[in-house]
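Trainee: I would like to learn how to read the features of a model like this one, step by step. Could we look at it together?

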Amino acid sequence: GIGAWFGSIPVFISGWFAPSVVPPSRLIAALIVYELFAVVFGVIMIVRSATAKEQLRGQEIALNFFLFMWVLFGLLFLLLYPARQVSDLVWIIVPLWILAANELHRHIPTQPVHSIAIGQAVFIFVLAGLFWYTIAATTRTVYGTNETLTQYVILIGSFILGGLTTALIALGWNWEISRRGLVIGVTAVLSVYSLSVMLGSSQIRQNQASELWSIPPSPAQTQLMTKVLNEISNWNTGFPQHIYIVSMVDTPSLRWALREFPEVQFLSRPIRGDLPAVVITQESDELPTLAEAYRGEDFVWWTNPGWSGALPPDLARWFSFREAPLQKEKIILWSRSDLYPGGEIDQEDFTGDY
């Protein structure tokens, strides 16, 4: 463990001289998109600590100041570090959530919640659902039409209605009831949102390039290629993973995908005169001999974000469905022609010179 820790130091130093791949603005966007709950209540706590010190104890002010400086300087360091990745935000997420938790602690009700506050919270939750579905609906309408204008009015009106409801309840009853209903409603909305983005990035769209949190490049059609290899092996050997494979592509993702195939070799090119059942190459490799004796099928193996800024150009479509432009790189799976019914090759004339 100590050796691994010291081994990471040269990697960290070399990162200062590496070309920047992730723009700094993408880190800010990812922090807001994925940690909106912590950002909202953390910022409120920071502002309250700076403006209402008489309501806080000295130890609490010192702790909040320490956490704020941790978040501030940690974020500045990540923005300046050339080899930054969005996943490096984990270094500042923990203190940010502690700040948010300190703020939420103030709003835990010690007495039964008034029914008006509960009704206000439910209304805010409904408005948030209307806001979300309206954003999704904008992706299906033509920009500049009356329907689009109506949708934008609904988006803005959702915030206005939420603010008016809060103000009217504060005037009609009191600010404490209004504040409690607002906090409960916003907390419920942000909790559902946080759960949604967490499941989307870690389960539903795990390691996909359309998610800001993933580290590019992301693997794409790995399961599909493995399924094809299993079928070819079953046809010819009776076992799903006993086919002879030579891969001219040597990457960790491909090694992991082929980990259950015992007869796989990673070579710069097949041995002269050898006719492996399957050969895997990159799409850019020009190997005319393979085309004579093999049948090729391409698979998207690497995907990278196809935008240069913080977020994709069609923000509504990405926010609703995580659809974004992607850069795709493919590999080709070459299977020998005689493995298929009616297919044959003349092995004596085949020199194996790839």
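Mentor: Let us begin with how a helix packs on a sheet, keeping in mind that this is a predicted model. Helix H9 (residues 222-237) lies across E1, strand E2 (245-247), strand E4 (278-282), E5 and strand E6 (326-336), and the helix runs at about 160° to E5.

Trainee: In what order do the strands of the sheet lie, and what is the sense of the pairing?

Mentor: The sheet is open and has six strands in the order E1-E5-E6-E4-E2-E3, with mixed pairing. At its edges are strand E1 (218-219) and strand E3 (264-266), each of which pairs on one side only.

Trainee: How is E1 joined to E5, and over how many bridges?

Mentor: E1 pairs with strand E5 (residues 294-305) in the antiparallel sense, over two bridges. Within that pairing, Pro219 stands opposite Trp302 in E5.

Trainee: And which way does E4 run relative to E2 and to E6?

Mentor: Here both senses appear: E2 and E4 run parallel and are joined by three bridges, whereas E4 and E6 run antiparallel and are joined by five. Ile245 has Val278 in E4 as its bridge partner, and Val279 has Trp334 in E6 as its bridge partner.

Trainee: Why is E4 described as largely enclosed?

Mentor: The reasoning rests on relative accessible area, with buried meaning under 20%. Four of the five residues of E4 are buried, so the strand is largely enclosed by the rest of the structure. When you look at its side chains, remember a general point: in a regular strand the side chains alternate between the two faces of the sheet.

Trainee: How should I read single residues away from the sheet, and is Gly15, for example, buried or exposed?

Mentor: Take accessibility together with contacts. Gly15 lies in helix H1 (residues 2-15) and counts as buried, because its relative accessibility is 3%. Leaving aside neighbours within four places in sequence, Gly15 is in contact with Tyr81, Pro82 and Ala83. Gly15 and Arg84 are 69 residues apart in sequence, yet their C-alpha atoms are 8.1 Å apart in space.

Trainee: Where does Thr139 lie, and which residues does it touch?

Mentor: Thr139 is in the loop between H6 and H7, and it is buried, with a relative accessible area of 12%. Not counting residues up to four places away in sequence, Thr139 touches Ala316, Arg317 and Phe321.

Trainee: Now to empty space: what is the general idea?

Mentor: Rolling a probe the size of a water molecule over the atoms shows where empty space is left. In this structure the largest pocket has a volume of about 1,200 Å³.

Trainee: Which parts of the chain line the largest pocket?

Mentor: Its lining has 36 residues, and Leu36, Ala128, Phe159, Val189 and Leu190 lie nearest the centre of the pocket. Among the helices that each supply at least two lining residues are helix H3 (36-51), helix H7 (146-172) and helix H12 (315-321), while the largest share, ten residues, comes from H8. By class, the lining divides into 27 nonpolar, six polar and three charged residues.

Trainee: How many cavities of 30 Å³ or more does the structure hold?

Mentor: It holds one cavity of 30 Å³ or more, and about 80 Å³ of space lies in the largest cavity. The residues that line this cavity include Arg26, Glu211, Ser218 and Trp307, and by class the lining has seven nonpolar, three polar and two charged residues.

Note on methods. Residues are numbered from 1 along each chain as its sequence is written. This is a predicted model: local features need pLDDT of at least 70, side-chain atom pairs count only at pLDDT 80 or more; totals for chains, interfaces and linings use all residues. Side-chain values use heavy atoms; hydrogens and water are left out. Two strands pair if DSSP finds at least two bridges between them. Contact means heavy atoms within 4.5 Å. Axes are lines fitted to C-alpha atoms, for helices over the stretch in contact, and angles run from 0 to 180 degrees between N-to-C directions. On a 1 Å grid over the protein atoms alone, a cavity is a set of points where a 1.4 Å probe fits but cannot get out, and a pocket is an open set with protein on both sides within 12 Å along at least five of seven lines; lining residues have an atom within 4 Å of a point. Grid points are joined across faces, edges and corners, and a volume is the space filled by probe spheres set on the points. Ala, Val, Leu, Ile, Met, Phe, Trp, Tyr, Cys and Pro count as nonpolar, Asp, Glu, Lys and Arg as charged, and the others, Gly among them, as polar. Buried means under 20% relative accessible area, exposed over 50%, partly exposed in between (1.4 Å probe, protein chains only).
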